[in-house]
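Trainee: I should like to practise reading a protein model with you. May I put my questions one at a time?

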Amino acid sequence: MAKTPDTVLVIGACGQLGSELTLALRDIYGGANVVAADVAPPKQDDLRDSGPFEHVNVLDTKVLGELAAKYKFKQIYHLAAVLSATGEKNPKFAWRLNMEGLFNVLDLSLEQQVERVYWPSSIAVFGPGTPRHNTPQHTIMDPNTVYGISKQAGERWCEYYFQKHGLDVRSLRYPGLIGYKALPGGGTTDYAVDIYHKAIEGETFECFLSEDTQLPMMYMPDALKATLDLMHAPAENIKVRDSYNLSAMSFSPEEIAASIRKYIPDFKIVYKPDARQQIAASWPQSIDDSAAQQDWGWKPAYNLDAMTADMLQNLKRLKA
Ligand code: AKB
């Protein structure tokens with residue numbers, strides 16, 4: 001007998017990660033089986049035209065319940081969150097959206113017997129007391145942004161729902177994510193996306209971090225691969241039930257600028273660090289992801305120069 005395809009819900013489907021992950025999931029499960037949900041409709045034609053969209057605020061449990069009754073989801077990817085820099089502007093709202101949103105999804109998943117849940121964590125769970133180089137999977141975690149605090153608490157709740165209720169919830173601690181299809185919003189690592197856009201437009205880039213601020217980063221195709229590999233791994237391989245460290249590359253603004261100059265020699269960057277500098281200074285510079293390598297075979301494909309070549313080529317094509 002043919003297997004019924006999984007129905008999948010992506011909450012936060014129009015964001016930087018969501019818009020690409022939704023398309024990748026539609027390739028796997030079929031467009032009609034992957035419901036994109038967000039507070040505003042998709043801007044990208046391919047996302048709008050490839051499957052259903054539902055207007056959803058993750059704080060609205062009534063709408064979430066109606067949606068689950070209508071589609072009978074087997075998997076939920078809950079990506080909606082207020083990121084690090086925006087969170088500092090309205091900490092109470094960031095806490096409410098990030099925590100209450102997670103509880104709503106976890107409880108809905110239990111009620112509706114959803115088989116598998118994905119929820120992203122971040123390097124923001126680490127703080128000034130964390131070892132900054134090759135940060136281990138288990139170590140001191142003293143986040144000092146509301147975003148980081150909500151991600152750390154969320155990790156504990158994911159593990160709790162797994163231990164107490166058997167809910168198969170899985171998570172990755174993403175570094176800064178870089179892609180050409182959608183812009184990020186409100187993060188400390190966003191500069192590493194904006195810089196490519198300015199370079200292509202022939203403009204000088206004003207960087208809000210200082211030139212030597214090293215941060216862990218990842219190109220979007222690797223982030224998609226990691227997410228799907230984690231979600232498709234057999235449950236017995238998933239040994240970490242709070243969130244996996246995940247790593248691909250680390251670089252500073254001056255290093256990404258040098259990488260861009262290999263293709264655009266007259267590219268210019270100036271440095272005007274702002275409040276985001278302090279957030280970046282509290283985060284790790286590099287991450288030890290050996291648990292992800294061992295448990296489900298994680299291996300990134302892109303380094304800085306490979307990412308730069310691909311980003312510039314695709315942005316040139318899109319802006320032509
Ligand atoms: C941010 O900068 O807030 C995010 C993150 C590292 O989680 N990109």
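Trainee: Is H138 buried or exposed?
Mentor: Please keep in mind that this is a predicted model. A residue counts as exposed if 12 or fewer other C-beta atoms lie within 10 Å of its own. H138 has 9 C-beta neighbours inside 10 Å, and therefore H138 counts as exposed.

Trainee: Where does H138 lie in relation to strand 6 and helix 6?
Mentor: Strand 6 covers residues 121–122, and helix 6 covers residues 146–165. The position of H138 falls between these two elements, in the loop.

Trainee: What is the distance in space between H138 and D288?
Mentor: Along the sequence, H138 and D288 are 150 residues apart. Sequence separation does not give the spatial distance, which is taken here from C-alpha to C-alpha. For H138 and D288 that distance is 10.0 Å.

Trainee: Which residues of strand 4 are buried on each of its faces?
Mentor: In a regular strand, side chains alternate between the two faces of the sheet. Strand 4 comprises residues 75–78, and both of its faces are covered. On one side the buried residues are Q75 and Y77, and on the other they are I76 and H78.

Trainee: Which residue in strand 4 is the bridge partner of V10?
Mentor: Strand 1, residues 8–11, runs parallel to strand 4, and four bridges join them. Within this pairing, the partner of V10 is Y77.

Trainee: Which residue in strand 5 is the bridge partner of I76?
Mentor: Strand 5, residues 116–118, is joined to strand 4 by three bridges, and the two run parallel. The partner of I76 there is V117.

Trainee: Which strands are the edge strands of the open sheet with the order 9-11-13?
Mentor: This sheet has three strands with mixed pairing. An edge strand pairs on one side only, and this holds for strand 9 (176–178) and strand 13 (249–251). The edge strands are thus strand 9 and strand 13.

Trainee: Which residue in strand 13 stands opposite M217?
Mentor: Strand 11, residues 215–219, pairs with strand 13 in the antiparallel sense over three bridges. Opposite M217 stands M249.

Trainee: How many residues of the shell around the ligand are charged?
Mentor: The ligand is surrounded by residues including L83, S84, Y147, Y174 and T189. The shell divides into five nonpolar and six polar residues. The number of charged residues in the shell is given as no charged.

Terms used: Residues are numbered from 1 along each chain as its sequence is written. This is a predicted model: local features need pLDDT of at least 70, side-chain atom pairs count only at pLDDT 80 or more; totals for chains, interfaces and linings use all residues. A residue is near a molecule or strand if its C-beta atom, placed from the backbone, lies within 6 Å of it. Ala, Val, Leu, Ile, Met, Phe, Trp, Tyr, Cys and Pro count as nonpolar, Asp, Glu, Lys and Arg as charged, and the others, Gly among them, as polar. A residue is buried if 20 or more other C-beta atoms lie within 10 Å of its own, exposed if 12 or fewer, and partly exposed in between; C-beta atoms are placed from the backbone. Two strands pair if DSSP finds at least two bridges between them.
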